[in-house]
Amino acid sequence: MFRRILCILTVLILLPAIGLAQSFSMAGFDGQDSTRFWESNDFFNRMNQRTGISFTFDQYTDAAKWQAAKDAMFAPDGQLPDVLFKASLTSDELIRYTDSGQLIDLMPLLEQHAPNLWALLTENPEWLRAITLPNGKIGALPMIQAVSTQNIMWINQDWLTALNLEIPTDMASLREVLIAFRDRDPNGNYKADEIPMLFLGPWELKMFSHAYGVVVNDYNLYLDQSGKVCFWPLEDSFVTFLEDVHGLYADKLLDPDGFSVSDSLRLVTEDDATNTYGAFFAPTPLNLLPYNLTGSYVLLEPLVYEGQQIYRDLFGPLRRGTFAITSACSDPAAVLSWVDTLYTEEGAIEAMAGTKDVHYTVDGQGYWHWSQGDMEQLMLTSGSLSIVDTGEMPILFPKAFNNSFGEEGVRRITLEADRLTPFLHQPFPYYTLTPEQRQQVNPLQQELGRYVDVSIGQFVTGEVPINETTIAEFRAGLIQRGADEMIAFWQGVADTITP
């Protein structure tokens with residue numbers, strides 16, 4: 001620790017002498033769950049040692065307050081900070097404020113002043129297209145994650161083993177496994193308390209679309225290989241999906257409360273609770289279960305359809321709108337150089353875990369562990385060491401490092417989730433709608449989206465029977481609510497953004 005303090009003092013002494021020390025104002029949103037304070041977070045100290053740049057902070061952990069702050073700072077009489085970090089800037093905001101000049105266009109500066117990020121963007125031109133606005137400008141930099149958050153299917157391997165079952169590979173074999181979970185007391189408590197598969201509403205049920213050969217976005221659309229926009233609820237495979245899922249629900253293989261329960265009510269918090277969950281959708285089992293129960297679950301790979309396995313990529317590798325520089329900044333080049341550090345593996349690891357052999361160590365197997373010691377543990381628990389785990393920040397997420405965490409249970413979950421990566425498929429390319437386009441499409445989506453989701457609930461629960469008459473009425477309702485206009489709109493968008 002003395003060596004580290006001496007190093008910091010030495011750097012602080014030298015920086016003014018070599019003319020590198022600069023200070024800027026920063027505002028941003030660290031996420032609703034954040035407990036850290038940027039003023040005391042060691043990440044900014046480490047970055048200051050690297051770059052000579054420091055900040056004064058205006059930090060928010062309430063989304064509504066952050067939105068109000070953004071509105072105020074961009075108002076005609078507002079006071080802009082130099083930098084927006086973890087900015088949560090919407091597409092409309094980026095277009096509006098780059099048009100007004102309040103956010104500077106980063107496009108002309110990236111090649112020279114952010115060479116690490118520029119190399120990534122030129123190697124992945126779809127990423128460059130994704131962050132380029134319809135006005136041709138880049139108003140904010142992205143978070144890049146090789147493994148983004150997904151709504152993964154998890155299945156209880158302990159139950160499969162206890163019942164001598166193979167992991168299911170398609171909808172038919174999934175049904176047979178869920179029947180066994182229902183009938184054969186896999187948790188061994190002599191009670192029929194097992195819930196074969198959990199789900200949350202129509203949105204999560206539509207994750208099953210992959211088992212019928214398609215993955216769809218929140219508009220219920222996908223782009224086929226020929227570049228044609230397709231609306232899944234109008235297709236025959238959607239009817240097959242309804243029939244199959246209705247059968248699961250009618251046979252009590254799905255959570256009977258799936259259309260009404262909230263996520264918080266499904267959460268198991270007691271370590272000694274009897275596990276009643278067979279399969280579910282979640283980013284990780286930790287979203288639903290205490291740590292000691294998560295070891296039972298493995299990835300349920302995408303179900304096979306006609307020899308293929310695909311799964312919806314919820315967000316893709318990019319989160320846009322994370323870092324912007326305003327017209328108030330006196331030296332955009334210096335700030336860009338500062339953030340470019342985070343698009344290197346070394347800089348990203350330092351943002352996530354600190355300094356090697358100070359905050360973490362690497363063992364002989366290549367796994368990393370938090371350093372022991374009361375001070376370092378205090379830094380970890382107070383949120384004063386890392387900056388990565390809440391909010392969306394500009395960074396190239398260090399996937400390999402993250403996957404080599406020393407705690408075996410956490411590492412196992414991480415690696416299980418990573419097995420989904422080869423199957424991920426984006427239903428639609430990255431796009432940025434103009435405000436005018438949003439005004440055109442949002443009313444259509446509100447009508448169609450609500451109608452599709454309500455209809456799924458009615459068909460799956462049996463409130464409306466599935467037959468030729470009801471399906472014809474459903475499709476007529478889609479057309480009446482603008483399905484053709486929706487398809488035409490997105491076809492126009494697709495024709496402008498696909499290479």
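Two strands count as paired here if DSSP finds at least two bridges between them. Helices (H or I, at least four residues) and strands (E, at least two) are DSSP runs, numbered from the N terminus. With that in hand, E6 and strand E9 (residues 277–282) pair in the parallel sense over two bridges.

A word on the source: this is a predicted model, where local features need pLDDT of at least 70 and side-chain atom pairs count only at pLDDT 80 or more, while totals for chains, interfaces and linings use all residues. Residues are numbered from 1 along each chain as its sequence is written, and side-chain values use heavy atoms, leaving out hydrogens and water.

Now back to E6 and E9. Met-197 stands opposite Ala-279 in E9. Both strands belong to an open sheet of four, and here it is next to the six-stranded one.

| Sheet | Strand order | Pairing | Edge strands |
|---|---|---|---|
| Open, four strands | E6-E9-E5-E10 | mixed | E6 (195–197), E10 (297–299) |
| Open, six strands | E2-E1-E3-E12-E4-E15 | mixed | E2 (53–60), E15 (395–396) |

In the four-stranded sheet, neighbouring strands are turned by 30° against each other on average, direction ignored. Helix H9 packs on this sheet and touches strand E5 (152–156), E6 and E9 (contact means heavy atoms within 4.5 Å). The direction of H9 makes about 170° with that of E6; axes are lines fitted to C-alpha atoms, for helices over the stretch in contact, and angles run from 0 to 180 degrees between N-to-C directions.

Over in the six-stranded sheet, strand E4 (residues 141–144) runs parallel to E15, joined by two bridges. Met-143 has Ile-395 of E15 as its bridge partner.

H9 also turns up in a salt bridge (a side-chain nitrogen of Lys or Arg within 4 Å of a carboxyl oxygen of Asp or Glu). Asp-251 pairs with Arg-175, with the closest N and O atoms 2.2 Å apart. Arg-175 sits in H9 (residues 171–183) and Asp-251 in the loop between H11 and helix H12 (263–266), so the pair ties together parts 76 residues apart in sequence. The whole structure has 19 salt bridges.

Finally, the helix pair. The axes of H11 (residues 236–250) and H20 (residues 468–480) come within 12 Å and cross at roughly 125°. The two helices are therefore oblique to each other (under 35 degrees is roughly parallel, over 145 roughly antiparallel, 65 to 115 roughly perpendicular, and the rest oblique). H11 brings Asp-236, Phe-238, Val-239 and Leu-242 to the contact, and H20 brings Ile-471, Phe-474 and Arg-475.
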